[in-house]
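Visitor: Could you take me through one part of this model up close, a place where two helices pack, and then show me how it sits in the rest of the fold? I'd like the residues by name.

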Amino acid sequence: CVHTENCFVPTSEIIAVEETELNKKQRNIGKWQKMEKPYAFTVYYVKRARNHRWRCSDVTFWCVDEHLCNQWIQALKEILEMQKSRPKQLLVYINPYGGKRQGKRIYEQKVAPLFSLASISTDVVITEHANHAKDNLFEVNINKYDGVVCVGGDGMFSEVMHGLIGRMQKDSGIDQNNPKAPLVQCNIRIGIIPAGSTDCICYSTVGISDPVTSALHIIVGDCQPLDVSSVHHKNTFLKYSVSLLGYGFYGDILKDSEKKRWMGPIRYDYSGLKTFLSHHYYEGTICFQPAKHTLGSPRDKDSCRTGCYICKKSEQQLAEQHKERGLKHEEDEEEWKVIKGKFLAINAVNMSCACPRSPKGLSPAAHLADGSADLILVRKCSRFDFLRYLVRHTNQDDQFDFSFVDVYRVKSFQFTSKLSEDNESNVTDIGKKRFGHFCRDHPVCCCNIANSTWNCDGETLDSSAIEVRVHCQLMKLFARGIEEKCKDEAAYSQSSDEQLL
């Protein structure tokens with residue numbers, strides 16, 4: 001460890017070591033003026049600040065013996081070389097249009113200098129259109145990189161993730177359209193530099209949406225496995241999801257907000273209020289397989305944190321199950337639960353989905369890498385009750401403690417809307433198909449929306465009938481989960497925060 005003033009820095013959190021030339025002005029300060037010719041080197045390291053924020057700090061060591069100084073530099077550089085998890089070559093995709101159109105500036109001013117300091121070489125691609133990064137990942141020589149970095153929001157991350165997972169399956173000859181296909185894990189890590197209008201995945205895996213913090217997690221070579229859900233309609237692959245799959249309330253908000261992109265980020269508030277007031281419910285059937293392998297429950301008080309015991313244990317349990325099962329696929333014979341009803345919202349989350357507005361998220365005890373999703377069913381209830389449920393996402397009350405809310409930890413589920421069921425049953429009622437169902441409870445309002453839309457990580461899915469499977473730890477991020485709060489955190493003053501890089 002390097003000892004500096006009042007803290008110890010693990011060698012794994014040293015960013016770089018550089019020989020330092022002291023100018024005449026510096027030599028005349030303090031202890032250095034007693035030395036004829038001081039030799040010096042600077043150690044750059046991670047310093048923790050408030051709210052999971054990391055900064056690059058530095059300390060300079062000096063001595064009169066040039067040989068001793070060089071020995072120290074050499075020894076520290078060798079220690080850094082031994083950190084095999086650190087990336088040396090990165091492929092970087094920058095979305096110049098996302099969020100507030102700041103991606104390129106954020107990367108060039110805040111991230112590139114840190115990568116350069118840490119001797120990381122980069123190939124940078126500035127995306128020019130939708131799916132540019134995804135298509136490019138199918139063509140590049142992926143093996144020459146230690147990781148892929150996306151600069152943008154959740155949409156940019158989703159694009160890179162689809163490209164990387166798709167490329168892995170293609171190279172392994174796996175058909176993504178087969179919902180039961182065992183997918184090949186991605187060993188190439190993805191780094192997220194937040195620069196979008198929503199950075200939910202970054203917030204849920206690092207604890208803050210901050211470009212410098214994320215860049216430092218990439219530099220020190222952190223690794224956080226992540227569950228990924230595959231979404232199919234019949235035998236057609238639709239999308240991968242890592243955060244939210246939402247039908248009803250969250251699907252309707254997204255569908256409405258897409259028409260109002262000109263409004264900017266405020267469109268989500270507008271569409272949210274409009275959707276809440278419309279108070280549509282949807283009929284359908286949901287079937288799911290409970291996640292028996294995981295130790296946790298959605299009602300736990302503990303959250304998923306760095307080095308999570310439940311995620312590690314669940315991975316082992318799943319591995320043992322697969323070994324026992326061998327080549328036999330007995331999953332269909334396992335227990336399926338069936339629930340029919342009228343729902344205001346159906347949400348399936350692979351992570352807490354925490355964000356600054358909702359610090360606990362949609363499911364506070366959801367785990368990043370336990371091979372399960374939390375399925376939240378909000379049944380038809382009054383507007384007032386639904387508002388009480390929504391408000392609990394912003395405070396410390398238990399948001400599942402309502403008679404109209406059910407939550408299950410699942411490894412797979414299927415949903416079919418009432419309309420899809422009727423259509424598949426050869427119902428030829430043209431009026432019903434065209435206008436949907438009338439609200440039996442409110443015949444005057446003539447609610448003619450029969451199907452909602454699925455919101456898949458902020459993108460709409462056309463099909464209402466879907467089949468979802470959770471793939472345990474399918475991919476890896478340059479992150480370490482959210483760290484437990486440091487005891488000394490209160491001691492970090494605002495002034496010391498401002499002095500950091």
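Guide: Let's start with handedness: helix 3 and helix 7 cross in a right-handed way. Keep in mind throughout that this is a predicted model. The axes of helix 3 (residues 103-117) and helix 7 come within 10 Å, with a crossing angle of roughly 30°. Angles under 35 degrees count as roughly parallel, so helix 3 and helix 7 are roughly parallel to each other.

Now for the side chains. Helix 3 brings I106, K110, V111, L114 and F115 to the contact, and they meet P211, V212, A215, L216, I218 and I219 of helix 7. Sorted by class, that contact holds 10 nonpolar residues, no polar ones and 1 charged. As a general point, nonpolar side chains in soluble globular proteins tend to be buried together.

Stay with helix 7 for a moment. Helix 7 spans residues 211-219, and 9 of its 9 residues are buried. By name, the buried residues are P211, V212, T213, S214, A215, L216, H217, I218 and I219. Just after helix 7 comes G221, with a positive phi of about 80°.

I218 also leads us to the cores, since I218 belongs to a core of 28 residues that includes V92, V151 and F478 too. That core is a second one, separate from the largest. The largest nonpolar core has 66 residues, and Y93 and F157 are the ones with the most contacts inside it. Helix 5 (residues 154-171) supplies the largest share of this core, 7 residues. Take F157 and leave aside its neighbours within four places in sequence: F157 is then in contact with C150, I190, I192, I201, L226, V242, M475 and L477.

Zooming out, the protein comes to 14 helices and 19 strands. Of its 501 residues, 53% count as buried. If you take contacts with a separation of 6 or more, 77% of them are between residues 24 or more positions apart.

Two loop residues give you a feel for those links along the chain. A195 sits in the loop between strand 9 (189-194) and helix 6 (200-206). With 9% relative accessibility, A195 counts as buried. A195 and Y97 are 98 residues apart in sequence, yet their C-alpha atoms are 9.8 Å apart. P38 lies in the loop between helix 1 (24-27) and strand 4 (39-48), and P38 is buried as well, at 7% relative accessibility. From P38 to F61, 23 residues apart along the chain, the C-alpha separation is 9.8 Å.

For a contrast with your helix pair, look at helix 8 (residues 249-258) and helix 9 (residues 267-278). Their axes come within 8 Å and cross at roughly 130°, which makes helix 8 oblique to helix 9. The crossing of helix 8 and helix 9 is right-handed. On the helix 8 side you'll find F249, D252, I253, D256 and S257, while helix 9 contributes R267, Y268, Y270, S271, G272, K274, T275 and F276. The class split for helix 8 with helix 9 is 5 nonpolar, 4 polar and 4 charged.

Helix 9 has another partner, too. Helix 9 packs with helix 11 (residues 383-391) at an angle of about 140°, their axes 10 Å apart. Here F276, L277 and S278 of helix 9 touch R383, F386, L387 and L390 of helix 11. F276 therefore appears in both lists, the one for helix 8 with helix 9 and the one for helix 9 with helix 11. By class, the contact of helix 9 with helix 11 has 5 nonpolar, 1 polar and 1 charged residues.

One last stop, on backbone angles. In general, most residues other than glycine have a negative phi. K234 is not a glycine, but its phi is positive, near 55°. K234 is in the loop between strand 10 (224-233) and strand 11 (236-241), and at 56% relative accessibility K234 counts as exposed. Q473 is not a glycine either, and has a positive phi of about 50°. Q473 is found in strand 19 (residues 466-477), and with 7% relative accessibility Q473 counts as buried.

How values were computed. Residues numbered from 1 in each chain as written. Predicted model: local features only at pLDDT ≥ 70, side-chain atom pairs only at ≥ 80, totals over all residues. Heavy atoms only, no water. Core = buried A, V, L, I, M, F, W, Y, C linked by side-chain atoms within 4.5 Å. Buried < 20%, exposed > 50% of the residue type's maximum accessible area, 1.4 Å probe, protein only. Helix = DSSP H or I, 4+ residues; strand = E, 2+ residues; numbered from the N terminus. Contact = heavy atoms within 4.5 Å. Axes fitted to C-alpha atoms, helices over the stretch in contact; angles between N-to-C directions. Parallel < 35°, antiparallel > 145°, perpendicular 65-115°, else oblique. Left-handed = near helix turned anticlockwise from the far one by under 90°. Nonpolar A, V, L, I, M, F, W, Y, C, P; charged D, E, K, R; others polar.
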